[in-house]
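The following exercises are to be worked through with the sequence and the structure at hand. Each task is followed by a solution in steps.

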Amino acid sequence: MEVKVLIIEDEWEIIESVSLAFQFYWPEAQVIYAQRGARGIELAQSESPDVVILDLGLPDISGYEVLKQIRLFSSAPIIILTVRSQEEDVVAALEGEANDYVVKPFRQKELLARVRAHVSSWMTNELKYTFRNAP
Ligand code: CA
C-alpha cells in the first residue's frame, strides 16, 4: 500500500529509526519529517499525509497544540509517539483526537502494524464518504 507518512519529532535518532522501519518493512511508504511543531503543521497541510506520527515534546510548541491544529483541517490518523507514559498524558492525547499512542522506546513492527491498521480503516471511511457525497 502506498502511503505518505509525516513524522513530527525533534530527535534525529527517532526519525531515523522510524524511517528505517518503513524502508525495511514498508518500502512503498513515502516518509517526510519536521523537527519543529510549526513546520509539522505546515507540512500536514501542504503534503496531505495519510498518517502523522507525532512527538509530544517538541522544541517550539507542544505536541497537543500540533494535534489540535492539524485536526482543524485533517482527519488523517495521528499516532502519538512519546516517552511520556502517564495515564493522564495518554488520555489527554486521545481526547485531543489522536488515534493511537505508542510509548518510546517503541517496537518497530508494532508501530508499523498500528499505522497500517489506522491507515486502512481511515482510507476505507474516506472512500465511503467520497461515494456518499458523489454527485
Ligand atoms: Ca521530543
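In these exercises, two residues are in contact when heavy atoms of the two lie within 4.5 Å. The model is predicted.

**Exercise 1. Determine which residues Asp100 is in contact with, leaving aside its neighbours within four places in sequence.**

Solution.
- Step 1: Locate the residue. Asp100 belongs to strand E5, which covers residues 100-103.
- Step 2: Apply the contact criterion. Beyond the excluded neighbours, Asp100 touches Ile78, Ile79, Ile80, Leu94, Arg114 and His118.
- Step 3: Examine the side chains. The side chains of Asp100 and His118 make a polar contact at 2.9 Å.
- Step 4: Classify the accessibility. Buried means under 20% relative accessible area. Asp100 has 12% relative accessibility and therefore counts as buried.

**Exercise 2. Establish how many helices and strands the protein chain has, and in what order they run.**

Solution.
- Step 1: Count the elements. The protein chain holds five helices and five strands.
- Step 2: Read the order from the N terminus. The elements follow the pattern β-α-β-α-β-α-β-α-β-α.

**Exercise 3. Decide whether the radius of gyration of the protein chain agrees or disagrees with that of a compact globule.**

Solution.
- Step 1: Obtain the expected value. For 135 residues, a compact globule would have a radius of gyration near 14 Å.
- Step 2: Compare. The protein chain has 14 Å, so the value agrees with the expectation.
- Step 3: Add the dimensions. The C-alpha trace spans about 45 × 30 × 30 Å along its principal axes.
- Step 4: Consider burial and contacts. Of the 135 residues, 43% are buried. Among contacts with a separation of 6 or more, 67% join residues 24 or more positions apart.

**Exercise 4. Describe the surface and the charged side chains of the protein chain.**

Solution.
- Step 1: State the area. The accessible surface is about 7,500 Å², and carbon and sulfur atoms contribute 52% of that surface.
- Step 2: Count the charges. There are 13 positive and 21 negative side chains.
- Step 3: Locate the two sets. Their centres lie 5 Å apart.

**Exercise 5. Classify Ile8 as buried or exposed, and examine its surroundings.**

Solution.
- Step 1: Locate the residue. Ile8 is in strand E1, residues 4-8.
- Step 2: Apply the cut-off. Ile8 counts as buried because its relative accessibility is 0%.
- Step 3: List contacts. With neighbours within four places in sequence left aside, the contacts of Ile8 include Ala34, Val52, Ile53, Leu54, Leu58, Val66 and Ile70.
- Step 4: Relate sequence to space. Ile8 and Ile80 are 72 residues apart along the chain, and their C-alpha atoms are separated by 9.6 Å.

**Exercise 6. Identify what is notable in the backbone at Ser48 and at Pro105.**

Solution.
- Step 1: Inspect Ser48. Its phi is near 40 degrees, a positive value in a residue other than glycine.
- Step 2: Place Ser48. The residue lies in the loop between helix H2 (37-47) and strand E3 (51-54), and its relative accessible area of 52% makes Ser48 exposed.
- Step 3: Inspect Pro105. The peptide bond from Lys104 to Pro105 is cis, with omega near -5 degrees.
- Step 4: Place Pro105. This proline is in the loop between E5 and helix H5 (108-132).

**Exercise 7. Determine how far Gln69 and Glu97 are apart in sequence and in space.**

Solution.
- Step 1: Locate Gln69. The residue is found in helix H3, residues 63-71.
- Step 2: Classify the accessibility. At 29%, Gln69 counts as partly exposed.
- Step 3: Give both separations. Gln69 and Glu97 are 28 residues apart in sequence and 11 Å apart from C-alpha to C-alpha.

Notes: Residues are numbered from 1 along each chain as its sequence is written. This is a predicted model: local features need pLDDT of at least 70, side-chain atom pairs count only at pLDDT 80 or more; totals for chains, interfaces and linings use all residues. Side-chain values use heavy atoms; hydrogens and water are left out. Helices (H or I, at least four residues) and strands (E, at least two) are DSSP runs, numbered from the N terminus. The radius of gyration is taken over C-alpha atoms; the globule rule is 2.2 Å times the number of residues to the power 0.38. Buried means under 20% relative accessible area, exposed over 50%, partly exposed in between (1.4 Å probe, protein chains only). Accessible areas come from the Shrake-Rupley method with a 1.4 Å probe; for residues, only the protein chains shown count as cover. Lys and Arg count as positive and Asp and Glu as negative; His and the chain ends are not counted. The place of a charge is taken as NZ of Lys, CZ of Arg, CG of Asp or CD of Glu. A polar contact is a pair of N or O atoms within 3.5 Å; within protein, one must be able to donate a hydrogen and the other to accept it, and residues adjacent in sequence count only if both atoms are side-chain atoms.
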